[in-house]
Amino acid sequence: MKKILVYIFLLLITNAHSEVTKKITLVAKVNNFGISNIDLLEEIQIMKNLNTNLNNTDKQILEKIAIQNLIDEVLKRQEIDENDIQLSDSTFSKEYAQLIASIEKTGVIIDANIKKKIFLKVKLNNEWNQLINQKYRWNVNVNINEIEDRLKDTKNIPTDGKELQELKNKLINIEKNKKLEVFSKIHLSKIKKQSLIKFF
């Protein structure tokens, strides 16, 4: 009798596992990498965790944004790996901790799996920025005269030479980051055109 019960129990588990497996389907393929419906659901959950205003957004709109996010991430990861860009976890661990803290402060409970996914997103973002910086930093020119003009229009300009230089450096970095962001979009668009992307 016990053997029969064990057999039935194992059969039920196997059938339940099969049902779960059947539910996993491909929604897109980027080069050799598949994106599943589970990836899509997790991405939507992350988007909602990062921005609670999306909770009332239409499901189809969320899915469209999520699938594009996932495609971009696959392309970025492939490009990062191809260029052998690697950063240690300590490089971005503080940024990750602050992000999780800011989400949880709003009362959102994040499960361990989603936290891991967010961690990988932060890692990806930092490594992608490193790649773009390496490829395009020599093409990023900042017009110092424009910075000087902006300083003239700034209220409460520091009179201390050191503070003034710090403010100037801050403005220069802002302009550099803006230009690097443009190069980031251009580079990603270029990769996307060269890639095979298929939807299911």
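**Why these labels?**

Student: Why is F92 called buried?
Tutor: Its relative accessible area is 1%. Buried means under 20%, exposed over 50% and partly exposed in between, with a 1.4 Å probe and protein chains only. The value for F92 is 1%, so F92 is buried.

Student: What kind of model is this?
Tutor: A predicted one, where local features need pLDDT of at least 70, side-chain atom pairs count only at pLDDT 80 or more, and totals for chains, interfaces and linings use all residues. Residues are numbered from 1 along each chain as its sequence is written, and side-chain values use heavy atoms, leaving out hydrogens and water.

Student: How confident is the predictor in the protein?
Tutor: pLDDT is its confidence in each residue, from 0 to 100. The average is 88, and 88% of the residues score at least 70. Residues 5-21 stay under 50. There the model has 0 contacts beyond four places in sequence, where contact means heavy atoms within 4.5 Å.

Student: Which elements does the protein have, and how many?
Tutor: It has 7 helices and 3 strands. Helices (H or I, at least four residues) and strands (E, at least two) are DSSP runs, numbered from the N terminus. From that end the order is α-β-β-α-α-α-α-α-α-β.

Student: How many aromatic pairs are there?
Tutor: The count is 3. Rings of Phe, Tyr and Trp (its six-membered ring) pair if their centres lie within 6.5 Å; planes under 30 degrees apart are stacked, over 60 edge-to-face, and the rest tilted.

Student: Why is the pair of F92 and F119 called tilted?
Tutor: The centres are 5.3 Å apart, so the rings pair. The planes stand at 50°, which is neither under 30 nor over 60, so the pair is tilted. F92 sits in the loop between α3 and α4 (93-104), and F119 in helix α5 (residues 112-136). They are 27 residues apart, so the pair links distant parts of the chain.

Student: What makes the pair of Y96 and F119 edge-to-face?
Tutor: The angle between the planes is 90°, which is over 60, so the pair gets that name. The centres are 5.3 Å apart. Y96 is in helix α4 and F119 in helix α5, so parts 23 residues apart in sequence are tied together. Ring pairs join F92, Y96 and F119 into a cluster.

Student: Is Y96 buried or exposed?
Tutor: Buried, because 17% is under 20%.

Student: Why does E79 have no salt bridge?
Tutor: A salt bridge is a side-chain nitrogen of Lys or Arg within 4 Å of a carboxyl oxygen of Asp or Glu. Lys and Arg count as positive, Asp and Glu as negative; His and the chain ends are not counted. The nearest side chain of opposite charge to E79 is K135, at 4.5 Å, so the 4 Å limit is not met. E79 is buried and lies in helix α3 (residues 59-82). Beyond four places in sequence, E79 is in contact with W128, L131, K135, H187 and I191.

Student: What makes E127 buried?
Tutor: Its relative accessibility is 2%, so E127 falls under the cut-off for buried. E127 is in helix α5. Among its contacts beyond four places in sequence are R77 and I80.

Student: Why is N51 called partly exposed?
Tutor: Its value is 31%, between the two cut-offs, so N51 is partly exposed. N51 is in the loop between α2 (37-50) and α3.
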